[in-house]
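Opened the notebook to look through one model, one helix at a time. My notes follow in the order I looked things up.

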Amino acid sequence: MYVRRVKATLRWLLSVVMVGTGVSHFANPGSYAAIVPTILPSPVLLVYVSGLFEVLGGLGLTLSRTRRVAAWGLIALYVAVFPANVNMAINRVPLGTRELPDWALYARLPIQALLVAWAFWFTRKDRPPR
């Protein structure tokens, strides 16, 4: 029972984080567009699309009917945006107006793996209580 409560709490936390992050894509698209690799077209459009999917994924985690699909969608999103995080680290792109130290730029990369693992937890059905 304890594990189910912890899982539910962490699911809600991820949901809030994703919705908040997604909304920030619409509130401040320039900060995110700056980290999109230059090889990709329409950085601002990509920021809006990723923000939309972050909001949808976060909201999808809240409903049992959409939870597993939302979790898989978030995993795909984390993989899709990883090149932007690599680009940010390699080219020392500031986060909005804030310059980040190199360690912080590179620390963001393994965080993506943690986010994938976190979302993956919600692709699994809860075991019935014993």
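I began with the length of α4. At 1.5 Å a residue, its 24 residues should span 34 Å, and the end C-alpha atoms turn out to be 34 Å apart, so expectation and model agree. Worth jotting down here that this is a predicted model.

Next I asked myself: where in α4 does a kink lie? I found it at Val 81, with an angle of about 35°, shortly before the proline Pro 83.

I then looked at that proline. Pro 83 has its place in helix α4. Is Pro 83 buried, partly exposed or exposed? Its relative accessibility is 40%, and since partly exposed runs from 20% to 50%, Pro 83 counts as partly exposed. I also checked a distance from there: Leu 109 is 26 residues away along the chain, and the two C-alpha atoms are separated by 9.6 Å.

Burial along α4 came next. I listed the buried residues, among them Ala 70, Ala 71, Leu 74, Ile 75, Leu 77 and Tyr 78. Further along the list I noted Ala 84, Asn 85, Asn 87, Met 88 and Ala 89. What covers them? The cover includes α1 (2–27), α3 (43–60) and α5 (102–121).

Arg 67 is on that buried list too, and I wanted a closer look at this arginine. Arg 67 is found in α4, which covers residues 67–90. The relative accessible area of Arg 67 is 18%, and the cut-off for buried is under 20%, so Arg 67 is buried. Which residues does Arg 67 contact, leaving aside neighbours within four places in sequence? I got Arg 11, Gly 60, Leu 61, Thr 62 and Phe 122.

One of those partners is another arginine, so I followed it up. Arg 11 sits in helix α1. Its relative accessible area is 11%, so Arg 11 is buried as well. With residues up to four places away not counted, Arg 11 touches Leu 61, Thr 62, Arg 67 and Phe 122. My comparison of the two contact lists: Leu 61, Thr 62 and Phe 122 appear for Arg 67 and again for Arg 11.

Then I went to what comes after α4. Asn 91 is found in the loop between α4 and α5. At a relative accessible area of 48%, Asn 91 is partly exposed. Asn 91 and Leu 105 are 14 residues apart in sequence, and I read 9.6 Å between their C-alpha atoms. I also checked the backbone at Arg 92, which follows α4: its phi is positive, near 50°.

Last, I zoomed out to the whole chain. How many helices and strands does the protein chain have? There are five helices and zero strands, and the pattern along the sequence reads α-α-α-α-α. The C-alpha atoms fill a box of roughly 50 × 30 × 20 Å along the principal axes. Of the 130 residues, 34% count as buried. Of the contacts between residues at least 6 apart in sequence, 65% join residues at least 24 apart.

Two surface and charge entries to finish. I noted an accessible surface of about 8300 Å², with 70% of it belonging to carbon and sulfur atoms. The chain has 14 positive and 4 negative charges, and their mean positions are 19 Å apart.

Methods. Residues are numbered from 1 along each chain as its sequence is written. This is a predicted model: local features need pLDDT of at least 70, side-chain atom pairs count only at pLDDT 80 or more; totals for chains, interfaces and linings use all residues. Side-chain values use heavy atoms; hydrogens and water are left out. Helices (H or I, at least four residues) and strands (E, at least two) are DSSP runs, numbered from the N terminus. Buried means under 20% relative accessible area, exposed over 50%, partly exposed in between (1.4 Å probe, protein chains only). Contact means heavy atoms within 4.5 Å. Accessible areas come from the Shrake-Rupley method with a 1.4 Å probe; for residues, only the protein chains shown count as cover. Lys and Arg count as positive and Asp and Glu as negative; His and the chain ends are not counted. The place of a charge is taken as NZ of Lys, CZ of Arg, CG of Asp or CD of Glu. The expected span of a helix is 1.5 Å times one less than its number of residues. The bend at a residue is the angle between axes fitted to the seven residues ending there and the seven starting there.
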